[in-house]
Number of protein chains: 2
Amino acid sequence: MIGRLNHVAIAVRDLDAASATYRGALGAQVSEPQPLPEHGVTVVFINLPNTKIELLEPLGADSPIAKFLERNADGGMHHICYEVDDLIAARDKLKAGGARVLGDGTPKIGAHGKPVLFLHPKDFNGTLVELEQT
Amino acid sequence: MIGRLNHVAIAVRDLDAASATYRGALGAQVSEPQPLPEHGVTVVFINLPNTKIELLEPLGADSPIAKFLERNADGGMHHICYEVDDLIAARDKLKAGGARVLGDGTPKIGAHGKPVLFLHPKDFNGTLVELEQT
């Protein structure tokens, strides 16, 4: 069911500093910051040859990564995103197997303009899993 | 400097259960468990079209992931591995820039039989970074 690893998201406190680390110390190709107010984050994409890393900084008062950064003062890996061909079929298969889909189970449009859903970390080895329709 | 994302490693308490989740609920291709006593883990590879996930279960008394699992009872993303062409050059550049390389800075042979080094999470947004020579 799952296909490519679309991205790994890393939550950071200071996007400029984190971008400088990836651009400088690690010599990676780093995009300009993109504010996504509807997602409560500003994002920077690190383009690797086979996938990408997304650096996320909280944006606004109700950022979904604010609590994570309270618990992880230095930042850290926040979620992992796998691609699926059919998000609704994937959701229904997962729910039938007892996995918890976050929210009301209705896909939302994610940061890449495609439908996404998130799965409960407790059902996936403590890892927040995003599924993105390709 | 960094090239492909070689893998994301997820530490788990129960490798059989985690493998079953990835094979069953997520429909992924999952390898047989490989005990790596010299690394203190048993590993399962989840082969995705563009990269892989490694599930790590502690093996032996001094597993390097034991403390992580004490802090993260459900498991979680443990490290991320980027490929580099020249590990020694990468190490020297990083050290010159003030980044901390774990251990004595001498590459060890990693789980894939290639030289690896780990970088201090505090210098990389709370993320333990492995560099693997390609």
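**Exercise 1. Find how many residues each chain gives to the contact, and how much area is buried.**

Solution. Start with the residue counts in this predicted model. Chain B gives 39 residues to the contact, and chain A gives 39 residues. Next, take the area. About 3200 Å² is buried between chain B and chain A. Carbon and sulfur atoms supply 62% of that area. Now look at single residues on the side of chain B. Leu26(B), Met77(B) and Asn125(B) lose the most area to chain A. Together they make up 22% of what that side buries.

**Exercise 2. Count the polar contacts and salt bridges across the interface of chain B and chain A.**

Solution. Take the polar contacts to begin with. The rule finds 19 residue pairs in polar contact across the interface, both residues at pLDDT 80 or more. Then ask which elements build the side of chain B that touches chain A. The elements that give two or more residues are β1 (5-11), α1 (15-25), β6 (76-84) and α3 (87-96) of chain B. The largest share comes from β6(B), with 6 residues. Sort that side by class: 21 residues are nonpolar, 13 are polar and 5 are charged. Finally, turn to the salt bridges. The rule finds 2 across this interface. Over all chains the count is 8.

**Exercise 3. Locate the two ends of the salt bridge between Lys122(B) and Asp74(A).**

Solution. Check the distance against the cut-off. A salt bridge needs the side-chain nitrogen within 4 Å of the carboxyl oxygen. For Lys122(B) and Asp74(A), the N to O distance is 2.9 Å. The pair crosses between chains. Lys122(B) sits in the loop between β8 (115-119) and β9 (129-133) of chain B. Asp74(A) sits in the loop between α2 (66-71) and β6 (76-84) of chain A.

**Exercise 4. Work out how chain B is related to chain A.**

Solution. Lay chain B on chain A. This takes a turn of 180° and a shift of 0.0 Å along the axis. The RMSD is 0.0 Å. The two copies are therefore related as by a two-fold rotation axis. Which C-alpha of chain B is nearest the axis? That of Asn50(B), 3.0 Å from the axis. Last, compare the contact residues. In chain A, 100% of the contact residues of chain B recur, so the same surface serves both copies.

**Exercise 5. Describe the span that UniProt lists as "domain: VOC" in chain A.**

Solution. Read the record. The unreviewed UniProt entry lists residues 4-134 of chain A. Then describe the span. Residues 4-134 of chain A are 21% helix and 36% strand. The end C-alpha atoms lie 9 Å apart.

Key. Residues are numbered from 1 along each chain as its sequence is written. Chains are lettered from A and ligands numbered from 1 in the order in which they are written. This is a predicted model: local features need pLDDT of at least 70, side-chain atom pairs count only at pLDDT 80 or more; totals for chains, interfaces and linings use all residues. Side-chain values use heavy atoms; hydrogens and water are left out. Contact means heavy atoms within 4.5 Å. Buried area is the accessible area (1.4 Å probe) that two parts lose on being put together, summed over both. A polar contact is a pair of N or O atoms within 3.5 Å; within protein, one must be able to donate a hydrogen and the other to accept it, and residues adjacent in sequence count only if both atoms are side-chain atoms. Helices (H or I, at least four residues) and strands (E, at least two) are DSSP runs, numbered from the N terminus. Ala, Val, Leu, Ile, Met, Phe, Trp, Tyr, Cys and Pro count as nonpolar, Asp, Glu, Lys and Arg as charged, and the others, Gly among them, as polar. Copies are superposed by least squares on the C-alpha atoms of residues with pLDDT of at least 70 in both. UniProt positions are given in the numbering used here, feature names are shortened, and annotations may be inferred rather than shown by experiment.
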